[in-house]
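User: I would like to learn how to read strands, sheets, pockets and cavities in a model of this kind. Could we go through them one at a time?

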Amino acid sequence: MIHPFLLIVSLLATSLLPPRQKPDEWVSLLDKDLSQWETYLSYAHKLDYNGNIPKDASGAPIPPIGYNKDETHVFSILTEPGGPVLRISGEKYGCLFTRQEYENYHLKLQVKWGTQKYEPRKTKLRDSGILYHSIGEAGAEYWHSWMLSQEFQIMEGHMGDFWCQANSAIDIRSFQSEGVMNRVADEKQPFGTFKKGSDSYCMRSANYESPAEEWTTLELICFEGKSLHIVNGHVVMVLKDSRYTKADGQDVPMRRGKIQLQSEAAEVFYRDIRIKPLATMPKAYAGLF
């Protein structure tokens, strides 16, 4: 027989354990304290930016603002009747990134544009993005603002486009590019390779963004190196074999990492950010691969 004291201790210990997440159970990533996220800020980039680290008047490199130093509140939470809303001002380039790494998951969120725009994009389309399978240090790519990752583009008229970030690579069902034309995603086309020094950008198959002032629902499904970009319920891109290329040309699988939300010179709002683990690719989409 179990001694009553030991039984009580055992029950108390069990009750203090964190609840185990069940398959198909959504978990919210957004709260009033942004407790599941960290920040990185680089620069308020200027119109003449050329990919180099900015320099001061004496020609010395300017250090980035860095991690968790958001004194100007680029990232903030608005308390709304329907729950917390994340505001990203866009004034400085950088990212909000998850403390936790994720692999094999379904991410879902809603996004809506604000009114503010900043240099170097004051006359350009509003821009942000979901960067997934993010690894390493921030500042690894052209804008010196984000981690090595794959990009689910969030841009006016371009919800669901893809960009390689730094030396990432992936294959996408898409039309072949020609001359100055970019590839365009199409689920009936063969997979084409996207990597640094080659095709590194792919346009979504069609525009399913909600009208201005309305929320657009985005979904990102990732499973064993495969991913899907989904906009308002429509699959706009089919991707597989997520990886990055080392300096010696060797490809390394990239299937797990943090999730970044970009600050990229435009005011943008996010709400209802949630995630759930996947034990398999959902049957409704398995045939796309």
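**Reading strands and spaces**

Analyst: Let us begin with the faces of one strand, keeping in mind that this is a predicted model. Strand β13 (residues 191-195) has Gly192 and Phe194 on its covered face, while Phe191, Thr193 and Lys195 make up the uncovered one.

User: Which strand is joined to β13, and by how many bridges?

Analyst: Pairing is read from the bridges between two strands, since two strands pair if at least two bridges are found between them. Here strand β11 (residues 168-173) is joined to β13 by 5 bridges, and the two run antiparallel. Within this pairing, Arg173 stands opposite Phe191 of β13, a residue that belongs to the uncovered face of that strand.

User: What is the strand order of the open sheet?

Analyst: A sheet is read by following its pairings from one strand to the next. The open sheet has 9 strands with mixed pairing, in the order β3-β2-β6-β19-β8-β9-β10-β14-β12. Its edge strands, β3 (66-67) and β12 (183-184), each pair on one side only. Further inside that order, β10 and strand β14 (residues 201-203) pair in the antiparallel sense over 2 bridges, and the bridge partner of Trp163 in β14 is Tyr201.

User: Which residues lie nearest the centre of the largest pocket?

Analyst: A pocket is an open set of points, in contrast to a cavity, from which the probe cannot get out. The largest pocket holds about 450 Å³ of space, and among its 20 lining residues Tyr142, Trp143, Trp163, Cys164 and Gln165 lie nearest the centre. The elements giving two or more residues to this lining are β9 (148-155) and β10 (162-165), both of which also appear in the strand order of the open sheet. Trp163 thus comes up twice, once in the pocket lining and once as the bridge partner of Tyr201. By class, the lining divides into 8 nonpolar, 6 polar and 6 charged residues.

User: How many cavities of 30 Å³ or more are there, and what lines the largest cavity?

Analyst: With that volume as the cut-off, the count comes to 1 cavity, and the volume of the largest cavity is about 60 Å³. Its lining includes Val111, Lys112, Trp113, Met159, Pro211 and Thr216, along with Glu209, Glu213 and Glu214. Strand β7 (residues 105-117) gives the most to this lining, contributing 3 residues. Sorted by class, the cavity lining has 5 nonpolar, 2 polar and 4 charged residues.

Definitions and conventions:
Residues are numbered from 1 along each chain as its sequence is written. This is a predicted model: local features need pLDDT of at least 70, side-chain atom pairs count only at pLDDT 80 or more; totals for chains, interfaces and linings use all residues. Side-chain values use heavy atoms; hydrogens and water are left out. On a 1 Å grid over the protein atoms alone, a cavity is a set of points where a 1.4 Å probe fits but cannot get out, and a pocket is an open set with protein on both sides within 12 Å along at least five of seven lines; lining residues have an atom within 4 Å of a point. Grid points are joined across faces, edges and corners, and a volume is the space filled by probe spheres set on the points. Helices (H or I, at least four residues) and strands (E, at least two) are DSSP runs, numbered from the N terminus. Ala, Val, Leu, Ile, Met, Phe, Trp, Tyr, Cys and Pro count as nonpolar, Asp, Glu, Lys and Arg as charged, and the others, Gly among them, as polar. Buried means under 20% relative accessible area, exposed over 50%, partly exposed in between (1.4 Å probe, protein chains only).
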